[in-house]
Amino acid sequence: MGYAAGMRAHVPQALRWFARVHPEAEGVIQHVGLATWDLLVVDVDGTWVRGEFSSRELAEAACRDLGIRSNLGWDDPRLARRMNRRDHWDRPGGQRRAI
């Protein structure tokens, strides 16, 4: 089922706040279940926040609503480098990977 390019998604407040406070943030959309799509909003330092949507189109609409670039998956190595900046598995308080 297709969605019009002008459609709006319900965007969780945490995503709105993050995109507003982190102006260079980008969205990474990934399919994670039968009917679930994640939208990870990642800033240049690798800090991220996650939202869940019922379709890819709704996640893309959320990115448009937030005014951020959307990426389908992790094919862009630049995004993986962003995410790895805060992959502090061995440090107290380090943010865990979203993937």
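Strand 2 and strand 3 (residues 48-53) run antiparallel to each other, joined by 6 bridges. This pairing belongs to a predicted model, and it is a good place to start a tour of the sheet. In all, the protein has 3 helices and 4 strands, and along the sequence they follow the pattern α-β-β-β-α-β-α.

**The strand 2 and strand 3 hairpin**

- Leu39 has Gly51 of strand 3 as its bridge partner.
- This hairpin has 5 residues between its strands, and Gly46 there takes a positive phi near 95°.
- How covered is strand 2? Mostly covered, with 6 of its 7 residues buried.

**Strand 1 and its two neighbours**

- On one pairing, strand 1 (residues 26-33) meets strand 2 (residues 36-42) in the antiparallel sense, over 7 bridges.
- Strand 1 and strand 2 also make a hairpin, with 2 residues between them.
- You can follow this pairing through several residues: Glu26 is bridged to Val42 of strand 2, Ile29 stands opposite Leu39, and His31 has Trp37 as its bridge partner.
- Leu39 is thus a handy landmark, since it stands opposite Ile29 of strand 1 and is also the bridge partner of Gly51 in strand 3.
- The other pairing of strand 1 is with strand 4 (residues 70-72), and here the sense is parallel, over 3 bridges.
- Within that parallel pairing, Gly27 has Ser70 of strand 4 as its bridge partner.

**The sheet as a whole**

- In what order do the 4 strands sit in the sheet? The order is 3-2-1-4, in an open sheet with mixed pairing.
- Strand 3 and strand 4 are the edge strands, each pairing on one side only.
- From one strand to the next, the twist averages 30°.
- As a reminder for viewing the sheet, side chains in a regular strand alternate between the two faces.

**Helices 2 and 3 against the sheet**

- Helix 2 (residues 56-66) lies across strand 1, strand 2, strand 3 and strand 4, and its direction makes an angle of about 165° with strand 1.
- Helix 3 (residues 77-84) likewise lies across strand 1, strand 2, strand 3 and strand 4, but runs at about 90° to strand 1.

**Helix 1 and its two sides**

- Which residues of helix 1 (residues 13-21) are buried? They are Leu15, Phe18 and Ala19.
- These three lie on the same side of helix 1, because they cover an arc of only 95° around the axis.
- The general rule behind such a pattern is that an α-helix has 3.6 residues a turn, so residues three or four places apart point the same way.
- What covers the buried residues of helix 1? The cover includes strand 2, strand 3 and helix 2.
- Turned away from that buried side is a face that carries the exposed residues Gln13 and Arg20.

**Figures for the whole protein**

- Of the 99 residues in the protein, 43% are buried.
- Taking contacts between residues at least 6 apart in sequence, 54% join residues at least 24 apart.
- The protein exposes about 5900 Å², and carbon and sulfur atoms supply 51% of that area.

Methods:
Residues numbered from 1 in each chain as written. Predicted model: local features only at pLDDT ≥ 70, side-chain atom pairs only at ≥ 80, totals over all residues. Heavy atoms only, no water. Pairing = 2+ DSSP bridges. Buried < 20%, exposed > 50% of the residue type's maximum accessible area, 1.4 Å probe, protein only. Axes fitted to C-alpha atoms, helices over the stretch in contact; angles between N-to-C directions. Contact = heavy atoms within 4.5 Å. Arc of directions from axis to C-beta. Areas by Shrake-Rupley, 256 points an atom, 1.4 Å probe, with all protein chains shown as cover.
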